[in-house]
Amino acid sequence: MTPLQALQKYFGYSNFRHQQEAIIQHVLNKQDVMALMPTGGGKSLCYQLPAILLHGLTIVISPLIALMKDQVDSLNVSGIPAAFLNSAQTPEEQRQLVERLRNNQIKLLYLAPERLFGQENKLVPFLKTLNVVQIAIDEAHCISQWGHDFRPEYLMLAQLKNEFPNVPVIALTATADKLTQKDILEKLNLHQPAVFVSSFNRANITYRVTPKKSWFKQLITFLKERPDESGIIYCLSRKSTEDLAADLKDEGFAAEAYHAGLNNEVKAKNQEAFLRDDVKIIVATIAFGMGINKSNVRYVVHVDLPKNIEGYYQETGRAGRDGLASEALLLYSPGDAGKLQHFARIEGNEEQSRIMLNKLNDMVKYCQLQTCRRQYLMNYFDEAFPPNCGSCDVCLTEFKRFDGTLIAQKALSAVSRLNERFGVNYVIDFLRGSKNEKIREEHKQ
Ligand code: ADP
Ligand code: ZN
């Protein structure tokens with residue numbers, strides 16, 4: 001069977017997307033690969049298809065149990081024998097699984113990294129007795145401290161190449177900044193890897209940034225214009241997700257909160273309800289989203305400033321996986337940037353603090369752009385893009401230009417005459433000749 005035939009037979013798709021075919025060919029040729037594709041690009045297929053075609057076992061390393069379960073279920077539905085190993089399984093279930101693995105009855109085995117190399121139950125010696133033909137590392141950016149989702153247990157994967165020197169490794173991620181890429185390759189110790197970078201442009205998403213003033217009202221207006229659509233609202237803190245979800249419910253919206261601090265039952269319930277469209281709006285921290293394959297998310301709103309472009313792009317990327325028009329809206333206030341700057345500093349780690357601050361700075365620049373936002377995003381991921389995308393707020397707005405020299409001079413002169421000792425609101429009142437009580441008598445003159 002050729003890869004294309006397998007694609008049609010097992011997945012029902014007629015063509016490969018992006019560079020899927022080349023990636024698959026490399027794996028089949030036993031070469032190491034790193035594949036960078038946007039969220040929704042079709043990364044899973046890049047290792048699932050070789051797993052079908054190769055005679056032996058594919059190990060898939062994945063960070064989240066929920067994600068594994070979904071994938072395994074859908075593979076089994078397509079007639080591809082797959083399983084996952086987790087700590088919730090009974091000894092009997094585990095014994096049966098081992099049995100099936102020994103009898104070559106499983107094509108894909110999903111695992112969390114700590115299962116492979118953790119303290120107890122080291123799996124590696126057992127897996128080495130099997131015919132392992134491919135190792136896939138999903139969400140490979142989790143290995144990088146420079147990434148936005150570092151998971152220390154991923155560092156253990158550095159041993160993989162020593163343990164399985166002849167098995168091709170395919171690392172997959174939707175995070176594409178150069179630093180993280182380099183880090184992934186180094187840490188995983190890949191052997192002459194072929195690197196595939198797909199275009200990260202998500203043409204069906206419109207990007208907008210608006211100033212965050214009386215933002216709750218703004219948000220309500222936005223949501224009321226889209227009453228029947230599903231969306232994700234990202235907040236910075238756990239508490240604010242709960243508060244906002246409650247406020248939205250008071251306004252009559254079907255909204256629920258989601259963050260890592262909720263107990264598993266509530267998390268699972270809220271996620272299910274969202275997937276089934278019973279809940280239209282999920283108000284979440286960044287803990288929500290990885291591995292959530294809901295195709296009809298129509299909008300993603302950030303009510304707080306994200307910490308970096310990588311995270312922002314991945315979160316907005318959860319909109320419009322079905323290819324239909326979708327929106328990304330960010331409410332920006334310079335105050336949020338100041339707050340995050342404070343968090344970005346990591347005590348005793350100058351280098352990392354500097355990197356985090358730079359990334360935050362790039363995020364702030366994005367918010368303050370007067371040029372195409374999509375072009376900025378693409379350039380950020382080292383992709384060339386023309387200066388007018390036609391579907392971001394900057395490209396969609398007609399700007400009136402005027403010479404602001406005189407106004408700027410007045411403003412600066414006022415700041416100077418106030419001896420640089422007053423805040424912006426005071427300076428404005430002063431310039432306008434306000435009779436406000438707060439304005440000192442000498443300044444009223
Ligand atoms: P990612 O992991 O890159 O975010 P997925 O692997 O979950 O993306 O794929 C996203 C969606 O695209 C899935 O529904 C998948 O079945 C579908 N898909 C993948 N490859 C193709 C293809 N060649 N043609 C059509 N749909 C595809
Ligand atoms: Zn644009």
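Modeller: Ala, Val, Leu, Ile, Met, Phe, Trp, Tyr, Cys and Pro count as nonpolar, Asp, Glu, Lys and Arg as charged, and the others, Gly among them, as polar. Keep in mind that this is a predicted model.

Biologist: Fine, let's use those classes. How many charged residues are there in the lining of the largest cavity?

Modeller: About 70 Å³ of space lies in that cavity, and 13 residues line it. T39, A174, F200, Y313 and Q314 are the ones nearest its centre. Sorted by class, the lining has six nonpolar and five polar residues, and the charged ones number two.

Biologist: Where does the largest cavity lie with respect to domain 1 and domain 2?

Modeller: Look at who supplies the lining: domain 1 (3-197) gives residues, and domain 2 (205-380) does too. The largest cavity therefore lies between them, that is, between domain 1 and domain 2.

Biologist: And which residues line the second largest cavity?

Modeller: This one holds about 30 Å³ of space. Its lining has three nonpolar, no polar and three charged residues. By name, they are I232, I292, K294, V297, R318 and R321.

Biologist: Now the second largest pocket. Which helix gives the most to its lining?

Modeller: About 1,000 Å³ of space lies in this pocket, and its lining takes in 35 residues, with G42, S44, Q71, N293 and R321 nearest the centre. Both domains contribute to that lining, so the pocket lies between domain 1 and domain 2. At least two lining residues come from each of α1 (3-11), α3 (44-53) and α4 (65-77). With five residues, the top contributor is α4.

Biologist: How many polar residues are in that lining?

Modeller: Split the lining of the second largest pocket by class and you get 10 nonpolar and nine charged residues. The polar ones come to 16.

Biologist: On to the open sheet. Which strands stand at the edges?

Modeller: Six strands, paired in parallel, run in the order β8-β13-β12-β9-β11-β10. An edge strand has a single partner, so one side of it is left without a neighbour in the sheet. Here that fits β8 (205-211) and β10 (255-258).

Biologist: What stands opposite Y234?

Modeller: Strand β9 (residues 230-234) pairs with strand β11 (residues 281-284) in the parallel sense, over four bridges. Across from Y234, in β11, is A284.

Biologist: Last one: at what angle does helix α13 run to β12?

Modeller: Helix α13 covers residues 309-316 and lies across β8, β9, β12 (297-302) and β13 (326-332). Relative to β12, the helix runs at about 150 degrees.

Definitions and conventions: Residues are numbered from 1 along each chain as its sequence is written. Chains are lettered from A and ligands numbered from 1 in the order in which they are written. This is a predicted model: local features need pLDDT of at least 70, side-chain atom pairs count only at pLDDT 80 or more; totals for chains, interfaces and linings use all residues. Side-chain values use heavy atoms; hydrogens and water are left out. Two strands pair if DSSP finds at least two bridges between them. Contact means heavy atoms within 4.5 Å. Axes are lines fitted to C-alpha atoms, for helices over the stretch in contact, and angles run from 0 to 180 degrees between N-to-C directions. On a 1 Å grid over the protein atoms alone, a cavity is a set of points where a 1.4 Å probe fits but cannot get out, and a pocket is an open set with protein on both sides within 12 Å along at least five of seven lines; lining residues have an atom within 4 Å of a point. Grid points are joined across faces, edges and corners, and a volume is the space filled by probe spheres set on the points. Domain bounds come from an automatic or database domain assignment.
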